[in-house]
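This report describes a single protein chain for a reader who is new to structural biology. Please keep the sequence and the three-dimensional view at hand while reading.

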Amino acid sequence: MIKLLRRFSMERKLLDMRGAFIIRQLCLLLNAENIFHSMADILLKEEDLKFASTMVQTLNTILLTSAELFQLRNQLKDLRSQESCALFCCLYRSWCHNPVATVSLCFLTQNYKHAYDLIQKFGDLEVTVDFLIEVDKLVQLIECPIFTYLRLQLLDVENNPYLIKALYGLLMLLPQSQAFQLLSHRLHCVPNPELMRTSPQTAPRSSRPTPVDIDYGELLQHFDRVQNKHLEIRNQRAGRSEYPDKKLGI
């Protein structure tokens with residue numbers, strides 16, 4: 001895995017053209033959970049933050065869309081065991097290199113409150129064109145079969161308030177575009193909770209118990225630390241491009 005990621009790092013064209021195919025084949029030949037766990041561990045120590053972000057984006061797309069990863073998605077979807085919680089935390093720490101991928105991982109694992117907390121932090125990040133393109137792609141994915149269960153949970157308005165808040169958060173991030181119209185139309189379909197109530201009003205309950213093995217506060221702090229590193233690197237690059245002749249002694 002180390003040698004493969006090093007090769008991807010040196011040959012970006014290989015990653016762009018064949019990376020997804022290579023990783024999917026590895027998941028077929030070997031255990032998909034082990035592949036993703038190993039790559040996440042390696043990327044956590046990656047010093048080239050731009051490559052780490054690109055690699056996380058690639059792995060996230062494979063995780064969400066590939067038929068070979070069906071069982072792994074189901075394992076992460078409910079977080080019912082200590083193993084699945086440990087895998088989520090492992091992936092999360094590396095996924096923090098890419099904020100939109102981190103939110104999509106939270107959607108996949110039904111961690112809607114944490115997804116909303118992350119989106120609230122997006123206001124402090126540098127919102128670039130590439131960032132908005134990734135948000136656009138996430139909106140497109142929400143409309144795909146993989147997130148059918150998420151869309152159906154919008155029927156249970158009272159027990160999924162943070163899911164709706166997170167989706168509205170994505171809507172507020174987007175410019176007036178096709179993705180904006182798509183997500184806006186989806187949210188307009190969310191039913192009125194008064195019309196959906198079938199029993200006397202009771203105290204709101206969570207759609208599922210919170211996994212006891214996950215420290216979400218610590219995960220948010222980790223997200224902040226990783227994104228601060230990315231900001232420092234971008235500032236350093238901006239400084240070098242602003243004064244390109246400094247190293248020549250001019």
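Helices (DSSP runs of H or I with at least four residues) and strands (DSSP runs of E with at least two) are numbered from the N terminus. The model is predicted, so local features need pLDDT of at least 70 and side-chain atom pairs count only at pLDDT 80 or more, while totals for chains, interfaces and linings use all residues. Residues are numbered from 1 along each chain as its sequence is written, and side-chain values use heavy atoms, with hydrogens and water left out.

The protein chain contains 14 helices and 0 strands. Of its 250 residues, 44% count as buried; here buried means under 20% relative accessible area, exposed means over 50%, and partly exposed lies in between (1.4 Å probe, protein chains only).

Asn160 is located in the loop between α10 (148-153) and α11 (161-173). Is this residue, Asn160, buried or exposed? Asn160 counts as buried because its relative accessibility is 3%. A second loop residue, Asp48, is placed between α3 (32-44) and α4 (49-65). Asp48 is partly exposed, because its relative accessible area is 27%.

The side chains of both residues have polar atoms close to partners, as the table shows. A polar contact is a pair of N or O atoms within 3.5 Å; within protein, one must be able to donate a hydrogen and the other to accept it, and residues adjacent in sequence count only if both atoms are side-chain atoms.

| Side chain | Partner | Distance |
|---|---|---|
| Asn160 | Gln153, backbone oxygen | 3.1 Å |
| Asn160 | Asp156, backbone oxygen | 3.1 Å |
| Asp48 | Arg12, side chain | 3.1 Å |

Leaving out residues up to four places away in sequence, Asp48 touches Ser9, Arg12 and Arg237, where contact means heavy atoms within 4.5 Å. Ser9 stands 39 residues from Asp48 along the chain, and their C-alpha atoms are separated by 8.6 Å.

The interior can be considered next. A nonpolar core is a set of buried Ala, Val, Leu, Ile, Met, Phe, Trp, Tyr and Cys residues joined through side-chain atoms within 4.5 Å. The largest such core has 77 residues, and among those that touch the most other members are Phe36, Phe88 and Tyr92. Helix α6 (residues 82-95) provides the largest share of this core, 8 residues. Beyond its neighbours within four places in sequence, Tyr92 has contacts that include Thr102, His114 and Phe223.

Finally, Leu28 belongs to helix α2 (residues 12-29). Leu28 is exposed, because its relative accessible area is 52%.
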